Amino acid sequence: MKGQEAVHGSGKRLKCAKNVEQEQENEEEEGGEEEEEEEGSELPSKPGNFYYPMVPSAFVVSDALEPDFPIIYVNTVFENFTGYRADEVLGRNCRFLQYRDPRAQRRHPLVDPVVVSEIRRCLEEGFEFQGELLNFRKDGTPLVNRLRLAPIHDDDGTVTHIIGIQVFSEANIDLSRVSVSGF
Ligand SMILES: Cc1cc2nc3c(=O)[nH]c(=O)nc-3n(C[C@H](O)[C@H](O)[C@H](O)COP(=O)(O)O)c2cc1C
């Protein structure tokens with residue numbers, strides 16, 4: 001099945017597909033843009049079907065059978081990159097990374113709402129997601145998150161868990177230009 005791809009305002013690509021790897025293979029067969037994508041990328045130099053990230057990946061697992069996809073596992077890389085300890089985030093939805101301050105109750109205005117809606121749509125429809133969005137460490141430092149979400153199915157095809165793989169890098173943005181009331 002052909003997934004959908006959108007180029008949004010900042011010119012970045014989002015993928016929401018039943019099977020993102022299949023999408024990538026199709027692109028390559030079609031003489032697609034793989035060379036362009038690999039240039040300057042920490043993600044994947046990929047002999048065969050395997051990914052060899054240059055940096056250790058953060059990942060989290062969420063329960064897809066509970067409302068709002070609560071986190072049930074985060075690895076140490078996630079804790080180190082985000083500054084949040086596992087016990088602070090287990091049971092919560094991962095959207096807190098879009099808040100600049102842990103006490104904030106809403107997304108930072110520089111977090112692209114188009115990407116967030118695309119994540120929501122992929123989760124609702126049981127599709128994989130790949131895209132890039134702005135996140136924040138617990139101390140407020142902005143991070144670029146190249147996020148991949150992959151649904152895990154049981155034998156009946158029900159999505160039971162979502163794995164989120166995050167590749168974080170420094171975000172060179174000037175947050176002082178944004179005026180935000182309440183963070
Ligand atoms: C397993 C999993 C991992 C996620 N990881 C992130 C993440 O690292 N950063 C982020 O901003 N959103 C992440 N999300 C997406 C948010 O949790 C949320 O689904 C998204 O913001 C859309 O929903 P909302 O509009 O209700 O916030 C993740 C979701 C899941 C299920």
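The following paragraphs describe the fold of a predicted model, the surroundings of its ligand, and several individual residues.

The chain contains 5 helices and 7 strands, and these elements, read from the N terminus, follow the order β-β-α-α-β-β-α-α-α-β-β-β. Of the 183 residues that make up the chain, 39% are buried. This arrangement of elements gives the frame in which the ligand and the individual residues can be placed.

The ligand is found in the second largest pocket, where it is surrounded by 20 residues, the closest of which are N93, R95, Q98, R120 and N135. When these surrounding residues are sorted by chemical character, the shell consists of 11 nonpolar, 7 polar and 2 charged residues. Several elements take part in forming the shell, since at least two residues each are supplied by β3 (58–63), α5 (113–125), β5 (128–136), β6 (142–153) and β7 (159–170). The most is given by helix α5, which provides 4 residues.

Specific polar side chains approach the ligand within this shell. In the case of Q98, an N or O atom of the side chain is 2.9 Å from an oxygen atom of the ligand, and for N145 an N or O atom of the side chain is likewise placed 2.9 Å from a ligand oxygen atom. The side chain of N135 has a polar atom that lies 2.8 Å from a ligand nitrogen atom. With regard to cover, the ligand on its own has 610 Å² of accessible area, and the protein covers 94% of this area.

N135 deserves a fuller description, as it is among the residues closest to the ligand. This residue is part of strand β5, and it counts as buried because its relative accessibility is 3%, which falls under the 20% limit. The C-alpha atom of N135 is 9.4 Å from that of L110, while the two residues are separated by 25 residues in sequence. L110 in turn takes part in a contact with H108, as the side chain of H108 reaches the backbone nitrogen of L110 at 3.0 Å. H108 belongs to the loop between α4 (86–89) and α5, and this loop residue is classed as buried because its relative accessible area is 4%.

Strand β5 also holds E128. With a relative accessible area of 11%, E128 is under the limit of 20% and is therefore buried. The side chain of E128 forms a polar contact with the side chain of R148, at a distance of 3.2 Å.

The loop between β3 and β4 (71–74) contains residues that can be described by both backbone angle and accessibility. D68 is located in this loop, and its phi angle is near 70 degrees, which is a positive value in a residue other than glycine. F69 is placed in the loop between β3 and β4 as well, and this residue, which is not glycine, also has a positive phi, near 50 degrees. D68 has a relative accessibility of 42% and therefore counts as partly exposed, and F69, with a relative accessibility of 23%, is also classed as partly exposed. L65 lies in the loop between β3 and β4 too, but its relative accessibility of 55% is over the 50% limit, so it counts as exposed. Although 94 residues separate L65 from V159 along the chain, the distance between their C-alpha atoms is 7.5 Å.

A further pair of residues links a helix position to a second point in the sequence. E79 is part of helix α3, which covers residues 76–82, and its relative accessibility of 23% lies between the limits of 20% and 50%, so this residue counts as partly exposed. E79 and V60 are 19 residues apart in sequence, and their C-alpha atoms are 10.0 Å apart in space.

Notes: Residues are numbered from 1 along each chain as its sequence is written. This is a predicted model: local features need pLDDT of at least 70, side-chain atom pairs count only at pLDDT 80 or more; totals for chains, interfaces and linings use all residues. Side-chain values use heavy atoms; hydrogens and water are left out. A residue is near a molecule or strand if one of its heavy atoms lies within 4 Å of it. A polar contact is a pair of N or O atoms within 3.5 Å; within protein, one must be able to donate a hydrogen and the other to accept it, and residues adjacent in sequence count only if both atoms are side-chain atoms. Accessible areas come from the Shrake-Rupley method with a 1.4 Å probe; for residues, only the protein chains shown count as cover. On a 1 Å grid over the protein atoms alone, a cavity is a set of points where a 1.4 Å probe fits but cannot get out, and a pocket is an open set with protein on both sides within 12 Å along at least five of seven lines; lining residues have an atom within 4 Å of a point. A molecule sits in a cavity or pocket if more than half of its atoms lie within 2 Å of its grid points. Ala, Val, Leu, Ile, Met, Phe, Trp, Tyr, Cys and Pro count as nonpolar, Asp, Glu, Lys and Arg as charged, and the others, Gly among them, as polar. Buried means under 20% relative accessible area, exposed over 50%, partly exposed in between (1.4 Å probe, protein chains only).
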